Amino acid sequence: MRIVRKDLVPNGPGSVKMVPVDSDDLWYAYNLIAPGDSVMAVTVRKVLREAAHGGRDAERVADYDKEGSILRVRGKNILENEHVKIGAFHTLELELQRPFVLRKDVWDSFALETLQQASDPGASADLAVVLMQEGLAHILLIGRRRYTDYLALKKFFENVLQAFLKHIYFNVVRCAVIASPGFTKDQFHRHLFLEAERRQLRPIIENKSRIILVHTTSGYKHSLREVLDAPNVMSLIKDTKAAQEVRVLKDFYDMLSNDPSRACYGNKHVEVANERLAVQTLLITDDLFRNSDIKARQKFVNLVNSVKDSGGSVHVFSSMHVSGEQLAQISGIAAILRFPLPDLEDIEMD
């Protein structure tokens, strides 16, 4: 995300003008924009005008690329112009390379951190995974933001090869994993290197050692968990955010199984544990910060700040990661505790 202008007060009001550069930036914008915010951008609206013959002609106010990534923001118009009256409902379409201004009454810590990550040129994918089986392949880029899914079905190996070249950059990812049940991964691996030699595809030739094979039970996205659990993959991405999320979620489930009084989940239990300064590690999904209830959103922001202030660590899981999906299944919030709190079981969850 390219920041054009920033005029804000931390934990106070302000606005930021920004330009989405790639599709991940639109994902960041999705996380930044919350109910009660205002967004200003050039958009498209079909306007009906009386024609000389008495009928109506449609006219475009502006053009946009229908094939590009788009984020749609719906709400009431607060700035009147000749095409949209104040109070009228309208949908803004935020697109790549088109600036927009986001204004908030309160730029809380979560919003500021998200903005910092969005504008950080070092933010990148950590791992590329080709999950495949005969006739189907998903290329997943897993990193600090989310995973992006590309589907290849026709001219199978050639399409997967083209998608590999288009979406996987070894100056960005630590390694690329080819995973499948059976021998599909081995066949594609051989095809990849043969074509790389034949066409002199330097990115593949020069990074052979960073392309590894993993066995999975299927080529569907749920098998990504098997890839992330593979020791040869974890050893290569052990210091990345994706690996940290997998590890901390595993630590939580291990604690829940072996010492359940030192692990809890659900809003009420985590809230009580934090009041007692017992939270050592907080796990929370980014979905909770998109709550339409502004007070509920602020409650989660305050919880994150409180845990950090008491010396705890916080891991915000992307709802687009497999680990975030798992956490969402148990309310989207959990904690590993510094000391046992056996009486939490007696407190009813919200």
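**Two sheets, a helix pair and a ring stack**

Okay, let's begin with a strand pair: β14 is joined by 3 bridges to strand β17, residues 333–337, and the two run antiparallel. In that pairing, A263 sits opposite I336 of β17. Before I go on, keep in mind that this is a predicted model.

So where does that pair belong? β14 and β17 are part of an open sheet of 4 strands, and the order is β14-β17-β15-β16, with mixed pairing. Who's at the edges? That would be β14, residues 263–265, and β16; each has a single partner strand, so one side of each is left without a neighbour in the sheet. On average, neighbouring strands here are turned by 15° against each other, if you ignore direction.

Now look at the other end of that order. β15, residues 279–285, pairs with β16, residues 313–317, in the parallel sense, over 5 bridges. Within that pair, L283 faces H315 of β16. And how does the chain get from β15 to β16? It crosses through helix α10, residues 294–309, and this β-α-β crossover is right-handed.

Stay with α10 for a moment, since helix α9, residues 267–275, packs against α10 at an angle of about 35°, with the axes 11 Å apart. The crossing of α9 past α10 is left-handed. From α9, the contact uses N267, V270, E271 and N274, and from α10 you get K299, F300, L303, S306 and V307. Sorted by class, that's 4 nonpolar, 3 polar and 2 charged residues.

Right, over to the other sheet I want to show. This open sheet also has 4 strands, in the order β1-β2-β8-β3, and here the pairing is antiparallel. At its edges stand β1, residues 2–8, and β3, residues 38–41; each has a single partner strand, so one side of each lacks a neighbour in the sheet. Inside the sheet, β2, residues 14–19, pairs with β8, residues 100–104, in the antiparallel sense over 5 bridges. S15 has R103 in β8 as its bridge partner. Lying across β1, β2 and β8 is helix α2, which runs at about 155° to β1.

Last stop, the aromatics. The structure holds 5 aromatic pairs. Take F110 and F289: their ring centres are 3.9 Å apart and their planes are at 5°, so this pair is stacked. F110 belongs to helix α2, residues 109–119, while F289 is in the loop between β15 and α10, so to speak a link between distant parts of the chain, 179 residues apart.

Note on methods:
Residues numbered from 1 in each chain as written. Predicted model: local features only at pLDDT ≥ 70, side-chain atom pairs only at ≥ 80, totals over all residues. Heavy atoms only, no water. Pairing = 2+ DSSP bridges. Right-handed = clockwise from strand over helix to strand, strands pointing away. Axes fitted to C-alpha atoms, helices over the stretch in contact; angles between N-to-C directions. Left-handed = near helix turned anticlockwise from the far one by under 90°. Contact = heavy atoms within 4.5 Å. Nonpolar A, V, L, I, M, F, W, Y, C, P; charged D, E, K, R; others polar. Phe/Tyr/Trp six-rings, centres within 6.5 Å; stacked < 30°, edge-to-face > 60°.
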